[in-house]
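Got your viewer open and your selection tool ready? Load the model shown here and follow along, one stop at a time.

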Amino acid sequence: MNVKRFLKDWSLPLSMLMGASAYFLGRSLSLSPAVKGAILTGVGHVQPTLIFLMLTLTFCRVRLEDMRLRGWQWWLLAFQAGIATLLCVLHQTTEDAATRVFLQSTMLCFLCPTATAAAVVTAKLGGNIGSLTAYTLLINLTSAFLISAFVPLVNPTGGLTFWLSFWMIVRKVFPLLIFPLLLALIIRRISPTLLRWLTSIPDLPFYLWLVSLSLAIAVTTRILVHAEVTLLLCLLILTGSLVACIAQFATGRLVGRHYGEAVTAGQACGQKNTVLAIWVGYTFLDPLTSVAGGFYTIWHNVFNSWQLYKRNQPRK
């Protein structure tokens with residue numbers, strides 16, 4: 001067996017397995033609450049740092065003129081906003097608690113914006129980083145607006161106004177998206193030598209993402225293990241998140257194919273910022289909806305693993 005080929009083909013599943021294993025290993029150890037708290041705090045700092053670095057390295061390959069608006073972006077914005085709005089309306093028509101959590105969870109999977117790491121995977125799959133970055137900015141603004149508009153409807157007891165919700169989401173999302181982009185544009189402008197050095201290792205952003213993914217899966221595993229949810233509701237949320245994942249990847253690729261950017265549009269629509277989804281679930285909706293973000297983390301990374309495996313196979 002070619003070990004190098006095996007690691008290259010199965011890097012994502014191995015990273016996910018390591019993350020889940022790390023959680024269960026840590027859980028089996030007799031660690032004090034203080035140590036466990038320190039580990040969680042450390043992960044909370046390391047994850048955004050890794051994302052910042054890998055986005056900066058990825059954006060160093062993007063020119064400002066490459067970030068053009070394209071037709072598929074508007075179609076996908078309408079699709080995601082439309083499905084989320086429909087689910088919100090359905091939510092308002094039912095009083096059943098389990099159904100409401102299911103609808104909130106599925107709505108969250110459509111409302112959640114494109115993952116910041118999607119640029120790394122898109123580059124690896126040969127997609128257009130520039131148009132994906134433009135869509136990521138658009139969908140983050142759209143998601144912040146829609147989530148803020150829907151929160152008073154689906155969770156009126158939360159006491160959050162539209163503008164407070166909007167500000168909380170923008171403050172959490174945009175610094176980690178805008179600052180790496182600005183830094184990369186500044187480097188491109190003032191130091192071509194530094195730019196060449198930063199881009200001399202083409203797979204470095206991907207390696208950083210593998211580490212970040214492993215940490216994300218460890219956090220996701222912890223959330224799923226500790227979720228106090230009935231088996232039936234867990235299966236409903238699992239099914240809703242899986243259907244949402246399949247629908248968004250399929251729609252993205254279908255719409256993007258008409259514009260010659262099937263891979264880019266598929267990743268833009270299907271690969272989600274599940275860390276944000278989990279946070280939104282805990283902060284704005286029924287806390288049980290955060291489980292949907294955990295499941296979605298698994299689904300979109302399984303699909304990414306398959307895509308990368310297919311792309312790495314030798315052409316016949």
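What follows is a short walk through this predicted model, from the core to the surface and on to the cysteines and a salt bridge.

**Stop 1: the core.** Start by selecting Phe59, Met107 and Trp209. These are the residues with the most contacts inside the largest nonpolar core, which has 84 residues. Now color helix α7, residues 129-154: with 13 residues, this helix gives the most to that core.

Keep Phe59 selected and show its surroundings. Which residues does phenylalanine 59 touch, leaving aside those up to four places away in sequence? You should find Ala119, Thr133, Leu177, Pro180, Leu181 and Ala184.

**Stop 2: out to the surface.** Next, select Phe179, Leu182, Ile186 and Ile190 and switch on a surface. Together they form a nonpolar patch with about 420 Å² of accessible area. Zoom in on Ile190, which sits in helix α8 (residues 162-190). Is isoleucine 190 buried or exposed? Its relative accessibility is 64%, so it counts as exposed.

For another exposed nonpolar residue, jump to Leu17 in helix α2, residues 11-28. Leucine 17 has a relative accessible area of 52%, and exposed means over 50%. Try the distance tool here: from the C-alpha of leucine 17 to that of leucine 198 you should get 29 Å, for two residues 181 positions apart along the chain.

**Stop 3: the cysteines.** Hunting for disulfides? A search of the whole structure turns up zero. Select Cys245 to see one case. Why is there no bond between cysteine 245 and cysteine 109? The sulfur of cysteine 109 is the closest cysteine sulfur to that of cysteine 245, but at 8.4 Å it is too far for a bond; a disulfide needs the two sulfurs within 2.5 Å. Cysteine 245 is buried, at 4% relative accessible area. Cysteine 60 is worth a click as well: it is also buried, with 1% relative accessibility.

**Stop 4: the salt bridge.** Last selection: Arg70 and Glu261. The structure holds one salt bridge, and here the side chains of these two residues meet, with 3.3 Å from N to O. The pair ties together distant parts of the chain, 191 residues apart. Arginine 70 lies in the loop between α3 (33-59) and α4 (71-92), while glutamate 261 lies in the loop between α11 (231-257) and α12 (262-270). Check how each partner is covered: arginine 70 is partly exposed at 26% relative accessible area, whereas glutamate 261 counts as buried at 9%.

Definitions and conventions
Residues numbered from 1 in each chain as written. Predicted model: local features only at pLDDT ≥ 70, side-chain atom pairs only at ≥ 80, totals over all residues. Heavy atoms only, no water. Core = buried A, V, L, I, M, F, W, Y, C linked by side-chain atoms within 4.5 Å. Buried < 20%, exposed > 50% of the residue type's maximum accessible area, 1.4 Å probe, protein only. Helix = DSSP H or I, 4+ residues; strand = E, 2+ residues; numbered from the N terminus. Contact = heavy atoms within 4.5 Å. Patch = residues over 30% accessible without salt bridge, like charges linked within 9 Å, V, L, I, M, F, W, Y side chains within 5 Å. Areas by Shrake-Rupley, 256 points an atom, 1.4 Å probe, with all protein chains shown as cover. Salt bridge = Lys/Arg side-chain N within 4 Å of Asp/Glu carboxyl O.
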